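This report looks at how the parts of the model are put together, moving from the domains of one chain to the interface between chains and then to a single residue.

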Protein chains: 2
Amino acid sequence: MSDNGFHPPQRTLMGPGPSDVPPRVLEALARPTIGHLDPRFIELMDSVKSRLQQVFLTGNPLTMPVSAPGSAGMETCFVNLVEPGEKVIVCINGVFGMRMRENVIRCGGEAIVVEGEWGRAVDPEAVKEVLDAHPDARHLAFVHAETSTGARSDAETLCALAREHECYTIIDTVTSLGGIPVRVDDWGADAVYSGTQKCLSAPPGLSPVTFSERAVEKVRQRKTPVQSWFLDLSLVMNYWGEGASRAYHHTAPVNALYGLHEALGILLEEGLENAWRRHALHHEALKAGLEAMGLRYVVPEEERLPQLNAVWIPEGVDDAAVRRRLLEDFGLEIGAGLGDFAGRVWRIGLMGHSCNRRNVLFCLSALESVLAQMQAPIETGVAVEAAMAAYADA
Amino acid sequence: MSDNGFHPPQRTLMGPGPSDVPPRVLEALARPTIGHLDPRFIELMDSVKSRLQQVFLTGNPLTMPVSAPGSAGMETCFVNLVEPGEKVIVCINGVFGMRMRENVIRCGGEAIVVEGEWGRAVDPEAVKEVLDAHPDARHLAFVHAETSTGARSDAETLCALAREHECYTIIDTVTSLGGIPVRVDDWGADAVYSGTQKCLSAPPGLSPVTFSERAVEKVRQRKTPVQSWFLDLSLVMNYWGEGASRAYHHTAPVNALYGLHEALGILLEEGLENAWRRHALHHEALKAGLEAMGLRYVVPEEERLPQLNAVWIPEGVDDAAVRRRLLEDFGLEIGAGLGDFAGRVWRIGLMGHSCNRRNVLFCLSALESVLAQMQAPIETGVAVEAAMAAYADA
């Protein structure tokens with residue numbers, strides 16, 4: 001920092017997020033700041049909202065980015081939808097399900113946990129049993145794409161179960177949005193939150209959320225005020241609402257919204273279906289390479305997220321040393337394990353702008369090189385070829 | 001938006017924030033995103049923390065930016081420090097005091113209000129009376145620089161009163177930090193929050209906070225968990241804490257922190273005292289011009305903030321039309337009145353990077369031109385001259 005400025009190194013981000021941010025988005029961030037009540041800024045807000053609706057595949061009028069990272073989006077859903085004393089069935093199959101439970105408790109709800117295996121999808125049968133056993137439950141909360149394990153749950157089935165049991169659904173799509181289908185309206189989902197720094201490839205700091213009309217109605221009918229002033233949707237809605245009724249609530253993060261707007265634009269130009277296909281394609285190639293090397297996936301094939309590849313760390317290999325070598329020698333970030341998986345699992349992200357052939361081949365080469373140097377028990381000289389074969393087959 | 005991108009107009013921001021963001025800060029925002037657990041990012045966090053300590057004039061180890069705008073910084077102070085059932089004396093002399101009261105209620109505290117006149121400083125005598133009358137009060141909350149009125153309160157005296165009555169202090173310095181002295185350690189303040197988009201001249205989106213050691217101790221001794229998971233300092237501290245103990249809490253807004261770091265660097269290069277003098281200087285010139293035009297200040301001279309100039313809108317003048325003309329014809333943003341002052345007051349900001357001679361003269365010229373065109377009852381042809389005379393006298 002010779003000039004006292006911070007000049008970050010150029011990394012390749014293949015962890016669990018943030019993912020690489022495209023130059024177009026970085027450039028948008030640096031456009032001149034304007035006022036959060038400027039008519040031109042209101043236009044931008046409308047456009048962000050419309051783009052988010054397209055990406056969430058929803059017509060929900062209450063669709064907007066919360067002015068804080070994904071954890072605040074999670075909290076927005078819980079503190080607004082859940083009233084003290086209400087029963088919430090929470091599916092836990094990783095760190096973010098645990099965080100959901102913590103949110104339920106802190107807003108005075110009663111959490112009924114459906115404990116699932118880490119690295120597996122949420123089991124709809126187990127959820128159905130708990131729903132049957134708790135006819136007074138008001139909400140079902142689950143993580144669509146568990147960032148801590150790479151498991152993908154069947155949101156459509158879980159939402160259908162919730163509806164049969166007259167429960168509202170609260171769904172974490174932080175890692176799924178933009179990488180695999182998230183169909184808010186088709187699912188009949190009620191409160192859905194996401195993040196910007198995964199498959200949307202904007203910097204971290206905002207959390208897109210969308211609420212169904214019936215969820216909004218429930219928020220309107222609350223008997224107790226929302227415990228958070230900052231996240232109180234009855235107030236935030238006035239700012240993100242329609243035209244003339246807009247009232248100042250808090251100062252929106254203007255430049256961060258320039259970035260999100262651009263990132264959503266890039267995704268919509270590509271098309272959601274094309275983006276999903278791209279994530280699937282590069283996942284297949286990465287998987288072929290990793291498996292050729294002898295690495296094993298944590299999650300069974302049919303429950304895997306293409307954008308988050310969790311693999312077991314080979315016996316005897318020093319987790320931290322490998323990640324440090326990758327970062328220092330190759331400028332490549334992959335993710336460590338979280339919670340129960342700390343020290344046992346690597347999480348290799350293929351999210352948004354990071355999801356491309358160059359990154360797949362680079363990651364396989366770098367990982368092979370570092371592991372070979374450490375005399376880890378892997379096959380060498382086959383990973384890149386296996387990946388290329390997968391591309392050829394696609 | 002022909003290319004689907006959003007290209008904001010170039011404004012001159014002289015409202016109550018955001019203020020103009022210097023090109024150096026915009027450029028920093030656009031640097032490549034790196035991971036929130038990258039060792040280089042941890043270095044940046046340490047540097048941001050150290051710069052914030054210098055700007056808050058504090059040695060408090062718990063000094064950091066909350067990953068959300070000022071309102072979330074306010075909420076961080078209240079939800080962590082105040083436990084359900086505790087009495088909080090809240091001074092209200094504008095919109096942000098009202099918001100403090102709302103925060104107390106939502107975290108289960110009991111708010112005892114010291115009602116003050118809008119446009120005046122908080123009256124220490126009135127505060128003393130209420131403190132005497134409520135010996136069981138645990139906290140005193142007040143706004144140092146009321147953004148809705150432009151009034152500056154005597155934080156030093158209020159903090160001393162609070163200490164005499166064994167109360168913790170919660171202080172809003174959103175608009176004061178960087179514009180007038182904020183001396184956290186000298187005051188013996190306990191929980192202080194600010195914003196980035198006022199006199200720090202970074203984009204909105206983060207909220208610097210600092211907690212005294214005894215405030216941290218109180219948070220540690222809480223009998224009930226903090227109602228917000230996202231803002232729970234017992235968790236956030238682990239992420240912003242020292243070296244090896246850092247634990248993932250939420251994904252930090254990486255690029256926004258690049259911007260804040262650069263903005264703090266610019267302020268520290270100038271020097272706090274020089275920045276305070278600059279705000280005072282340009283305020284004197286703007287005031288001379290506005291008064292020469294015949295506009296009257298809302299706040300008595302000795303209680304005025306140099307960085308926020310609230311003036312009464314002349315009789316018969318259409319508030320919205322004037323601000324629209326300024327914005328459309330001159331690209332100049334000034335602020336409308338808030339709450340009780342809506343339609344009656346303009347708020348002209350001279351904050352951070354916006355606080356310079358060019359802006360003072362431009363604002364006076366533009367405002368005079370628009371008001372004259374609308375046949376408002378003002379003196380014309382004297383404002384700029386009066387401002388220049390003030391500069392010459394300085």
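How many residues of domain 1 of chain A are in contact with domain 2 of chain A? In this predicted model, 32 residues of domain 1 of chain A are in contact with 32 residues of domain 2 of chain A. The domain assignment places domain 1 at residues 13–268 and domain 2 at residues 272–393 of chain A, and the C-alpha centres of these two domains lie 28 Å apart. On the side of domain 1 that touches domain 2, the elements giving two or more residues are β1 (12–14) and β7 (151–152) of chain A.

Between the chains, 60 residues of chain A are in contact with 60 residues of chain B. The side of chain A that touches chain B draws at least two residues from each of α1 (23–29), α2 (39–56), α3 (70–81), α4 (95–106) and α10 (254–270) of chain A, and α10(A) gives the most, with 7 residues.

The table sets out the residue classes of the two sides.

| Side | Nonpolar | Polar | Charged |
|---|---|---|---|
| Domain 1 of chain A, touching domain 2 of chain A | 16 residues | 12 residues | 4 residues |
| Chain A, touching chain B | 26 residues | 23 residues | 11 residues |

A single residue of chain B shows the contact between chains in detail. B:S71, which is found in helix α3 (residues 70–81) of chain B, touches A:W229, A:F230 and A:H250, leaving aside residues up to four places away in sequence. B:S71 counts as buried because it has 25 C-beta neighbours inside 10 Å, where 20 or more are required. Within chain B, B:S71 and B:L206 are 135 residues apart in sequence, while their C-alpha atoms are 9.5 Å apart in space.

Key:
Residues numbered from 1 in each chain as written. Chains lettered and ligands numbered in written order. Predicted model: local features only at pLDDT ≥ 70, side-chain atom pairs only at ≥ 80, totals over all residues. Contact = placed C-beta atoms within 7 Å. Helix = DSSP H or I, 4+ residues; strand = E, 2+ residues; numbered from the N terminus. Nonpolar A, V, L, I, M, F, W, Y, C, P; charged D, E, K, R; others polar. Domains from an automatic or database assignment. Buried ≥ 20, exposed ≤ 12 C-beta atoms within 10 Å, placed from the backbone.
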